[in-house]
Amino acid sequence: MEEPDVSQPGVTKKFMYVNRRAPYGTVYALESLEVVLIGAAFDQDVSLAFLDDGVFQIVKGQDTAGIGMKNFSPTYRALGDYEVTKLYVEKESLETRGLSEDDLLEITYEDEDDDWAEKPSIHVVKRDEMTQLMAQQDVILSF
Amino acid sequence: MLHTINKSPFETSTFASCLGHAAAGDAVLLIEDGVYAAIADTEPGKQIKAKNGTVSFYVLGPDVAARGLTNGSLAEGIQVVDYAGFVDLVAEHEVAQAWL
Amino acid sequence: MEQLVKFSVVVNEGPYTHQASDSAYQFTKAALEKGHEIYRVFFYHDGVNNGTRLTVPPQDERNIQVNWTELAEQHELDLVVCVAAAQRRGVLDKSEADRLGKDADNIAPGFRISGLGQLIDAGIASDRLVTFGD
């Protein structure tokens, strides 16, 4: 991937990437993840929201061998290495789709402020909490 | 926050999802096929009427006209804006969130 | 007196199939007419296809690429096509084509190819980011 042009030193904004679409059927999930990875170099306050069909992006057990496409779900597990540690998943969206937190990838990060303790990046939140989180953002990127 | 919706509520759940995440004081602007949600006496039209006041509803006039709808056929309380009004709405709200 | 705002616009769909690029163009034009600044227009996903100069729509139809190019010329707009998305979809400038060993380029005047960092930078540097897609 190309070298990001890291400009605007000193400015920290709250960026939220809102994921509302399933993977593979369209390219949006994959190319959104590419934005997240590049964006990580900018030292902003980043979070990811998964709601509606976006929750399908992070279900475990994805196997794309039969469709000739790259399985990019392991990349979500690497987000902690990019200091992207806040993944909010909407409870209602999971339930509507017959899913629970147990169906999701195990995504963790090592907390440098807590002796590198391994902590979960995924937080299942109710819709009204998701609404509040959205309201706190400076920039919302939806794809 | 300004929410924009560009999908027909009769085709996708985008409208419903957006309304489920619109907080009091937010604005919702319907553009492109999103304007179909504004038709009065439909289920989405009734939801707009019911939620109007808590949330402000707007519809992009050029998209309404293009689709053969008239301003008179729209849900009560929804305000019609042109592209300049769209620009004003984005400027007036700190964040714009596109529901695609 | 109205507050002037620095906008950036994101276009996530190509021309003609979706209305996104048309809507983004009308929005951008209206913002400029009101005296606002457009910091950048960023083309991502299939939106990169707005930046090929090889489209030939029928004479009586709008030419979306030409519309953007002319608006860029009039207002010195920064129209940025994402390089990663563009390479997937065959949108190249001269230097990219040479570097990648391709026999032609197709980037339209007024557009430039650059990295995704330009999108994040737009989010940081602009007062408002407006996304058009499908």
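The following exercises, each with a worked solution, concern a predicted model with chains A, B and C.

**Exercise 1. Element order in chains B and C**

Determine how many helices and strands chain B and chain C contain, and state in which order they run.

Solution.
Step 1. Chain C contains 5 helices and 5 strands.
Step 2. Read from the N terminus, chain C follows the order β-α-β-α-β-α-α-β-α-β.
Step 3. Chain B contains 4 helices and 5 strands.
Step 4. Its order from the N terminus is β-α-β-α-β-α-β-α-β.

**Exercise 2. Overall dimensions of chain C**

Compare the radius of gyration of chain C with the value for a compact globule, and describe the extent and surface of the chain.

Solution.
Step 1. For 134 residues, a compact globule would have a radius of gyration near 14 Å.
Step 2. Chain C has 14 Å, so the value agrees with the globule rule.
Step 3. Along the principal axes, the C-alpha atoms of chain C fill a box of roughly 55 × 35 × 25 Å.
Step 4. Buried residues account for 61% of the 134 residues.
Step 5. Of the contacts in chain C with a separation of 6 or more, 79% involve residues 24 or more positions apart.
Step 6. The accessible surface of chain C is about 5,600 Å², and 44% of this belongs to carbon and sulfur atoms.
Step 7. The chain carries 13 positive and 20 negative side chains, and the centres of these two sets lie 5 Å apart.

**Exercise 3. The same analysis for chain B**

Establish what the radius of gyration, burial, contacts and charges of chain B are.

Solution.
Step 1. With 100 residues, a compact globule would have a radius of gyration near 13 Å; chain B has 12 Å, which agrees.
Step 2. The C-alpha trace of chain B spans about 30 × 25 × 25 Å along its principal axes.
Step 3. Of the 100 residues, 59% count as buried.
Step 4. Among contacts between residues at least 6 apart in sequence, 69% join residues at least 24 apart.
Step 5. Chain B exposes about 3,700 Å², with carbon and sulfur atoms supplying 48%.
Step 6. Chain B has 5 positive and 12 negative charges, and their mean positions are 9 Å apart.

**Exercise 4. Helix H1 of chain A**

Check the length of helix H1 (residues 28-39) of chain A against its expected span, and identify what its buried residues pack against.

Solution.
Step 1. The helix has 12 residues, and at 1.5 Å a residue it should span 16 Å.
Step 2. The end C-alpha atoms are 16 Å apart, which agrees with the expectation.
Step 3. Because 11 of its 12 residues are buried, H1(A) is largely enclosed by the rest of the structure.
Step 4. The buried residues include Tyr28(A), Glu31(A), Leu33(A), Glu34(A), Val36(A) and Gly39(A).
Step 5. Within chain A, the packing partners are strand E1 (14-19), strand E2 (45-50) and helix H2 (73-77).
Step 6. From chain C, helix H3 (83-89) and helix H5 (117-125) also pack against these buried residues.

**Exercise 5. Two residues with positive phi**

Locate Glu32(B) and His45(C), give their phi values, and decide whether each is buried or exposed.

Solution.
Step 1. As a point of reference, most residues other than glycine have a negative phi.
Step 2. Glu32(B) has a positive phi near 50° and is not a glycine.
Step 3. Glu32(B) lies in the loop between strand E2 (27-30) and helix H2 (43-51) of chain B.
Step 4. The relative accessible area of Glu32(B) is 4%, so this residue is buried, the limit being under 20%.
Step 5. His45(C), also not a glycine, has a positive phi of about 50°.
Step 6. His45(C) is in the loop between strand E2 (37-43) and H2 of chain C.
Step 7. At 1% relative accessibility, His45(C) counts as buried.

**Exercise 6. Surroundings of Thr69(C) and Arg97(A)**

Assign Thr69(C) and Arg97(A) to their elements or loops, classify their accessibility, and list their contacts beyond four places in sequence.

Solution.
Step 1. Thr69(C) belongs to helix H2 (residues 64-75) of chain C.
Step 2. Its relative accessibility is 7%, so Thr69(C) counts as buried.
Step 3. Apart from neighbours within four places in sequence, Thr69(C) contacts Ala108(C), Pro109(C) and Phe111(C).
Step 4. Arg97(A) is placed in the loop between helix H3 (91-96) and strand E4 (108-111) of chain A.
Step 5. At 23% relative accessibility, Arg97(A) counts as partly exposed.
Step 6. With neighbours within four places again left aside, Arg97(A) is in contact with Asp52(A), Asp53(A), Val55(A) and Phe56(A).
Step 7. Arg97(A) and Val55(A) are 42 residues apart along the chain, and their C-alpha atoms are separated by 8.8 Å.

Note on methods
Residues numbered from 1 in each chain as written. Chains lettered and ligands numbered in written order. Predicted model: local features only at pLDDT ≥ 70, side-chain atom pairs only at ≥ 80, totals over all residues. Heavy atoms only, no water. Rg over C-alpha atoms; globule rule 2.2 N^0.38 Å. Buried < 20%, exposed > 50% of the residue type's maximum accessible area, 1.4 Å probe, protein only. Contact = heavy atoms within 4.5 Å. Areas by Shrake-Rupley, 256 points an atom, 1.4 Å probe, with all protein chains shown as cover. Lys, Arg positive; Asp, Glu negative; His and termini not counted. Charge placed at Lys NZ, Arg CZ, Asp CG, Glu CD. Expected span 1.5 Å × (residues − 1).
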